[in-house]
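User: Hi! I am new to reading protein structures. Could you show me how to read a few features, step by step?
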Protein chains: 2
Amino acid sequence: MSVTAPLGFRAAGVAAGIKSGGARDLALVVNDGPSRAAAGVFTANRVKAAPVLWSQQVLAGGRLRAVVLNSGGANACTGPEGFQDTHATAEKVAAALEDSAGEIAVCSTGLIGERLPMDELLSGVGTAAGQLSRDGGLAAADAIRTTDTVSKISFKRGTGYMVGGMAKGAGMLAPALATMLCVITTDADLTSEELDAALRRATSVTFDRLDTDGCMSTNDTVLLLASGAAGVKPDLAEFEQRVIEVCADLARQLLVDAEGASKAIAIEVVGAASEDDAVKVGRSVARSNLLKCAIHGEDPNWGRVLAAVGTTDAVFEPDRLNVAINGIWICRGGAVGDDRSKVDMRPRDVTITIDLSAGPHTATVHTTDLTADYVHENSAYSS
Amino acid sequence: MSVTAPLGFRAAGVAAGIKSGGARDLALVVNDGPSRAAAGVFTANRVKAAPVLWSQQVLAGGRLRAVVLNSGGANACTGPEGFQDTHATAEKVAAALEDSAGEIAVCSTGLIGERLPMDELLSGVGTAAGQLSRDGGLAAADAIRTTDTVSKISFKRGTGYMVGGMAKGAGMLAPALATMLCVITTDADLTSEELDAALRRATSVTFDRLDTDGCMSTNDTVLLLASGAAGVKPDLAEFEQRVIEVCADLARQLLVDAEGASKAIAIEVVGAASEDDAVKVGRSVARSNLLKCAIHGEDPNWGRVLAAVGTTDAVFEPDRLNVAINGIWICRGGAVGDDRSKVDMRPRDVTITIDLSAGPHTATVHTTDLTADYVHENSAYSS
C-alpha cells in the first residue's frame, strides 16, 4: 500500500528512460488534501544536491502538494545548471497539476556529478501525472530503487487514521551513493509544526541509528505529508509512535537489503551515562571496519569492540566494560569473560551488547558486516 | 642497521615460542649510554593494553635502559593479571641487564584479550639478552612482525650523529590488531624534553597522517631513545628533521605493506584555512569506505570525495571545491571539471588533491584502497 494507504494521496511510478534498460525510474506522489501540511529532514552533509537545496526551500513554507522522485541520477555537484534542472522538474509537475511549483518537493538518487537527461525526465513527469491513482504506491516505491533489490514499503493504523511510507536505500541512512529517500504520508490532520516534531523524533531513533558504512549522502531526504482526509486530529503521542513504527519498519528493510551484507548487526549499548553517550559508542562500534570483518568471519572478536569503544569520549572505565555477543558475556570487567566458543555466530542476526556500567541510558545502533561483496559492488558501480 | 645504526645500542631478535611455527617473536633493544634520555608517544585509545600503561609510567621518568617487544599477543584487555605479566617481563629484562625495571619499556602486539605464554616469553628474554649485539637491529625488526610481510627499518645521518628506527604495523597508525610499534634510536646527546618535542612533532606529521582503516589500536607505541654515545649535542631543528625523515620513511613502508591493499593513496589537501582543517578533511576522505572501494576499482569517483569533504566542519564553500585525481582536475567549482577519462588510475600510487579555496594551509594524509583481500585477512585473523 505504501504512500497511498492513507486517504487523500495518489501516486504513480513510470519508466522515463533516465535509467538505461527500461526499469521504472520516476515516481510522483500527490497530496489531494484538504490539508497540505508537511515537514522534512535532510542530509547533514554540507555538500547538498540541487534537489535537497530546492526541497529545503519549499519546506520552509510547511506545505507540499506533491513530491517527484527520480532514480538514475543524484543531480549532486552539478552546479547552477543542476539547480535549474530541479526547478524545471518542479515547474513541470506544477503545470501537470495546475498548481504552484513552490509546493513541489524534488528528490533524486543515483550517481553524483552528472546532469540528468532532462528531456526524458520531463516527459516522464507528464506520463506519471497521467497515471496517478489511489493504488499507485507500489509502482512509486519500485521506481525509486537504485541498487535496492526490493521495494521498501510500510503502513500502520492509528485511531481513525493511517500512516504509510516508502523508502529506498541499499545501505545506511547516508551512504554517498545509495542515498536514502523516504516519503511518509498520513490522512490525519496535523499542522506542519506537529509533523516536524514527530518526524524529527522518529528519524532520530530509527534512520539516524542505521549506519552501514559511515558514509553520508548528498541527497538524503525524509518527507512527511498530511492530507487531513480522514478528518481526525490525532493524539500526538500516538501519532509519533505510528511514525516511529513506520520509520523503524522501513529502516529494518534498508538494513536487510544493505549492499553486499551477510549479517544484520544490532549494537545495543546499555548502562550509559546518557542517551548521547550510548549512540556515540554504538556508532563508533558500527564504524569499525575490523569488527565488521570479524563478524563477517563469524568471529566473536570482543577485543575489536573494546578498541572501538575506547576511541569515544563517553563516560566509562575500561575495567568495568562488559560485552556480550548473541547473549554470551565473553568480556567481563574489560577482560576475558565467558567461553567464546559458546557464541553461536551462524544466524544472520547478530546482537552485540555493550554494558558501559556508567548509568541507566541505552540506545541501539544497527549496522551490517563488511564483505568482499560490498567491496565489489562499490568498486564497480560507476566504472 | 635499524635501531643499532647509532652508537651505544645493542639489539637481538629471537624465537621465544610465543607464536606457533617457530618464527622470531621477541626483540630486545638496549641503550648502553652514556645517556638514557628517552621519550614516547602512545595510543589515544582509552582502552590501553597493559604494556602501554606500564611504559607510560616508565617514561614519566624520561629515561630508558631498554625496550622489550613481543609479537604473538597484545596483552590487551587481560585485566590485572595482564599487567602483572608486563611487570614480570620488565623485571626479567632488568635482572638480565643487572638494572632497574623502572627504566624498561614493554611493547606487545598481536591478538587482544588473551594472556601471553609467560614461560616462553620469560625464557625468550633470557635468550635475547644473551644474543644482544651491535648488529642485532635486523633480527629485532624481524621479531616484531605480525601480519607484516617485510621488516621495516630506516636510518638517517645527522651532523656527527645517526638516527635509526624500526617499526611494525601492517596498516595504519592505529588498527585494532595490526598495532603500530616503533623504536627510534640516536647517538646524539639530548634531554628527554628535547626528545619529547622532536618525537611529538615528527609523529604528528607522519604516523598521525597515516589512516588505512580508521581503527585505533590499544597498543600503539613510538619510542625515541638517545645514547649520547656520539658525544654530539645536535642542532635541534636538524635533529627534528632527521627524526621526521625516519618516521616518514617507516610510515611509507607501513602504508605499502598495509593489509590487503592494492593502492597507496595520498590525499593532499590544499587551500585550507588552517593545518587542522586540512588534516580533518584528509582524514575524512581517507575514512570513506565508498571512496576506497572506488579507487580499488580504478574509478576516479570525485563525487565520493566531495561527499566525504561535506561531512567535516572545515572552512569551505561547496561551490568552490576543486578536486584533482592524479593531476587531472575532474571537479572544478564543486561540479564537473576536466574529462574523467583522462585520469590514469593504473599506477599503484594515487594522488587525490583537494583544493578548499579557503586559505594557504596544506596537509597530506595517506591511506589505502579497500579490497576483498582486506576483508579476507581481517575476517580470518582469529578464527
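User: How are α1(B) and α2(B) oriented to each other?

Analyst: Happy to help! Keep in mind that this is a predicted model. To judge a helix pair, look at the angle between the two axes. In chain B, the axes of helix α1 (residues 50–59) and helix α2 (residues 79–97) come within 8 Å and cross at roughly 55°. Angles from 65 to 115 degrees count as roughly perpendicular and those under 35 as roughly parallel, so α1(B) and α2(B) are oblique to each other. The crossing of α1(B) past α2(B) is right-handed.

User: Which residues of α1(B) and α2(B) meet?

Analyst: From α1(B) come B:A50, B:P51, B:L53, B:W54 and B:Q57, and they meet B:G82, B:F83, B:T86, B:H87 and B:A90 of α2(B). Sorted by class, the residues of this contact are six nonpolar, four polar and no charged.

User: What do α1(A) and α2(A) look like?

Analyst: Try the reading again there. The axes of α1 (residues 50–59) of chain A and α2(A) come within 8 Å, crossing at roughly 55°, and α1(A) and α2(A) are therefore oblique to each other. Here α1(A) passes α2(A) in a right-handed crossing. On the α1(A) side the contact is made by A:A50, A:P51, A:L53, A:W54 and A:Q57, and on the α2(A) side by A:G82, A:F83, A:T86, A:H87 and A:A90. The class count is six nonpolar, four polar and no charged residues.

User: How is chain A laid on chain B?

Analyst: For two copies, we look for the turn and shift that carry one onto the other. A turn of 180° with a shift of 0.0 Å along the axis lays chain A on chain B, with an RMSD of 0.0 Å. That is the relation of a two-fold axis. The same surface serves both copies, as 100% of the contact residues of chain A recur in chain B.

User: Which residue of chain A comes closest to the rotation axis?

Analyst: That is A:A372, whose C-alpha lies 2.2 Å from the axis.

User: Back to helices: how do α2(B) and α3(B) lie to each other?

Analyst: Again, start from the angle. The axes of α2(B) and helix α3 (residues 118–131) of chain B come within 9 Å and cross at roughly 25°. That makes α2(B) roughly parallel to α3(B). α2(B) passes α3(B) in a right-handed crossing. Among the residues making this contact are B:D85 and B:K92 of α2(B), and B:L121 and B:V125 of α3(B). The contact of α2(B) with α3(B) divides into eight nonpolar, two polar and two charged residues.

User: What should I look for in the backbone?

Analyst: Most residues other than glycine have a negative phi, and most peptide bonds are trans. Exceptions deserve a look. A cis peptide bond joins A:G33 and A:P34, with omega about 20°, and A:P34 lies in the loop between β2 (26–31) and β3 (38–42) of chain A. In chain B, the bond from B:G33 to B:P34 is cis, with omega near 20°. As for phi, A:C77 has a positive value of about 60° although it is not a glycine. A:C77 sits in the loop between β4 (66–70) and α2 (79–97) of chain A.

User: Where does pLDDT stay under 50 in chain A?

Analyst: Over residues 172–177, for which the model has 36 contacts beyond four places in sequence. Where pLDDT is low, the predicted coordinates should not be read in detail. For chain A as a whole, the mean pLDDT is 93, and 96% of its residues reach 70 or more.

Terms used:
Residues numbered from 1 in each chain as written. Chains lettered and ligands numbered in written order. Predicted model: local features only at pLDDT ≥ 70, side-chain atom pairs only at ≥ 80, totals over all residues. Heavy atoms only, no water. Axes fitted to C-alpha atoms, helices over the stretch in contact; angles between N-to-C directions. Helix = DSSP H or I, 4+ residues; strand = E, 2+ residues; numbered from the N terminus. Parallel < 35°, antiparallel > 145°, perpendicular 65-115°, else oblique. Left-handed = near helix turned anticlockwise from the far one by under 90°. Contact = heavy atoms within 4.5 Å. Nonpolar A, V, L, I, M, F, W, Y, C, P; charged D, E, K, R; others polar. Least-squares fit on C-alpha atoms with pLDDT ≥ 70 in both. pLDDT = per-residue confidence, 0-100.
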